[in-house]
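Grab your viewer and switch on the side chains. Let's work through some ring geometry together.

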Amino acid sequence: LDKQYISPSYTRGYPLVAKTGRGALVEDVDGNTFLDCAAGIAVVATGHCHPEVVAAIQKQAAELIHMSGTDFYYPNMVELAQKLAALAPGKEPKRVYFGNSGTEAIEAAIKLARYHTRREKLIAFYGCFHGRTLGSLSLTASKAVQRKGFGTLLPGVIHIPYAYPYRCPYGKEASACCTECATVLEREIFKRLVDPSEVAAIFVEPVQGEGGYIPAPKEFLLELQRICRKHGILLVSDEVQCGMGRTGKWWGGDHVGLEPDILCVAKGIASGMPLSAIVARASVMDWTPGAHASTFGGNPVCVAAALKTIELIEREYLENARRMGEFILQRMADWPARHKMIGEVRGKGLMIGVELVRDRMTKEKAHDERDRIVDMAFYKGLLVLGAGENTIRLAPPLVINEEQASFAVSTLEACISEVEKGL
């Protein structure tokens with residue numbers, strides 16, 4: 001029936017048919033239990049069906065399900081905006097726009113950047129994923145299949161290499177690679193392709209998600225920020241996947257002191273309810289009534305879930321993400337020395353990538369082997385997903401405990417060891 005009625009554009013790596021979820025565990029229709037290290041693609045921050053989130057949803061649903069904050073007022077929408085403004089980096093006052101998904105947040109950021117600057121051009125990075133609707137897809141440069149067949153996309157978008165120290169696009173050592181990928185803007189792009197006075201914004205993921213779970217080096221992000229400020233370009237931080245405490249700090253950019261002009265938030269913001277937001281400097285969010293809106297954005301039930309999610313993350317799960325992330329990374333620290341398939345283990349908090357290679361010297365990407373390991377892990381009770389061409393991502397709910405983390409590490413290592421024998 002799924003094949004008959006559901007869009008064939010969906011990708012399903014293994015045959016999980018979920019029935020219930022509690023915390024970091026998922027049970028399928030056959031009664032099998034799995035440790036979820038995918039979290040609905042980094043969405044269920046407080047775990048599946050956290051009782052306090054469920055209670056908040058039920059309470060709000062019994063009072064007011066929908067009113068449309070674009071035309072009417074309701075208190076919890078302003079309460080959430082105030083919370084997000086306080087959590088966003090930078091001292092300048094903030095304003096918040098609500099949508100329903102990550103791609104809507106990016107679309108809103110594109111429109112706001114063009115509206116505020118009165119400029120058209122946008123810059124993004126190879127490997128990035130910013131969404132699948134037409135504007136965000138124009139920024140996305142993760143996989144050709146995501147862009148194939150959709151005709152002309154948004155004009156004025158320029159892509160440049162992302163700072164990826166393990167595979168530096170300029171062939172530099174890791175330290176030199178960090179700044180090279182940012183300084184290329186002033187050294188080449190602004191001289192040969194576009195004048196900086198025409199660039200509205202630069203979009204960047206502080207931790208590249210679909211590109212392979214690659215944390216951006218500090219020097220790279222801060223150099224981007226310097227360049228943006230020098231030329232009056234808006235810096236847009238896509239925190240859709242790495243935000244909301246996933247990296248052990250509220251925002252991925254917090255690890256380096258990044259202060260973007262626009263912050264894009266979604267996924268983990270409401271523990272599974274559809275909600276997104278952009279948080280911008282008040283002086284930047286200067287569009288007039290009617291310039292942009294969303295019927296369902298900031299839905300009261302989703303907002304209630306988000307408020308409870310923030311409360312729970314503040315109370316305990318931000319620290320747990322940091323602590324469990326350190327625990328997992330410590331357990332994996334010697335993997336590159338012990339496993340010939342492991343090119344690199346990297347990450348921050350509970351956003352961890354394990355890059356697999358067929359040859360450590362040539363760094364030949366182990367794409368098929370990666371897919372086999374992901375599939376094998378499923379049959380051993382562990383849910384993980386790929387990222388990029390050859391990386392396995394671990395993005396469990398922020399509630400994961402040490403026993404569960406140990407199971408994830410040992411199970412994944414067993415799968416890697418088994419596949420490694422065939423190389």
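Here are three short exercises on aromatic rings and the charges over them, and keep in mind that the model is predicted.

**Exercise 1.** Classify the aromatic pair formed by tyrosine 14 and phenylalanine 378, and work out which parts of the chain the pair links.

*Solution.* Start with the count: there are nine aromatic pairs in the structure. For tyrosine 14 and phenylalanine 378, the centres are 4.8 Å apart and the planes make an angle of 15 degrees. Planes under 30 degrees apart count as stacked, so this pair is stacked. Next, place the partners: tyrosine 14 sits in the loop between helix H1 and strand E1, while phenylalanine 378 belongs to helix H11. That puts them 364 residues apart, so the pair links distant parts of the chain. Now the accessibility: tyrosine 14 counts as buried because its relative accessibility is 12%, and phenylalanine 378 counts as buried because its value is 6%. Finally, zoom out: ring pairs join Tyr14 and Phe378 with Phe34 and Tyr379 in a cluster.

**Exercise 2.** Do the geometry for tryptophan 250 and tryptophan 251, then decide whether they are buried or exposed.

*Solution.* The ring centres of tryptophan 250 and tryptophan 251 lie 6.4 Å apart, with 45 degrees between the planes. This aromatic pair is tilted. As for accessibility, tryptophan 250 and tryptophan 251 are both buried.

**Exercise 3.** Which residues lie over the faces of tyrosine 115 and tyrosine 166?

*Solution.* Take tyrosine 115 to begin with: arginine 118 lies over its face, 4.5 Å from the ring centre. Over the face of tyrosine 166 you'll find lysine 363, at 4.1 Å from the ring centre.

Technical notes: Residues are numbered from 1 along each chain as its sequence is written. This is a predicted model: local features need pLDDT of at least 70, side-chain atom pairs count only at pLDDT 80 or more; totals for chains, interfaces and linings use all residues. Side-chain values use heavy atoms; hydrogens and water are left out. Rings of Phe, Tyr and Trp (its six-membered ring) pair if their centres lie within 6.5 Å; planes under 30 degrees apart count as stacked, over 60 as edge-to-face and the rest as tilted. Helices (H or I, at least four residues) and strands (E, at least two) are DSSP runs, numbered from the N terminus. Buried means under 20% relative accessible area, exposed over 50%, partly exposed in between (1.4 Å probe, protein chains only). A charge sits over a ring if NZ of Lys or CZ of Arg is within 6 Å of the ring centre and within 35 degrees of the ring normal.
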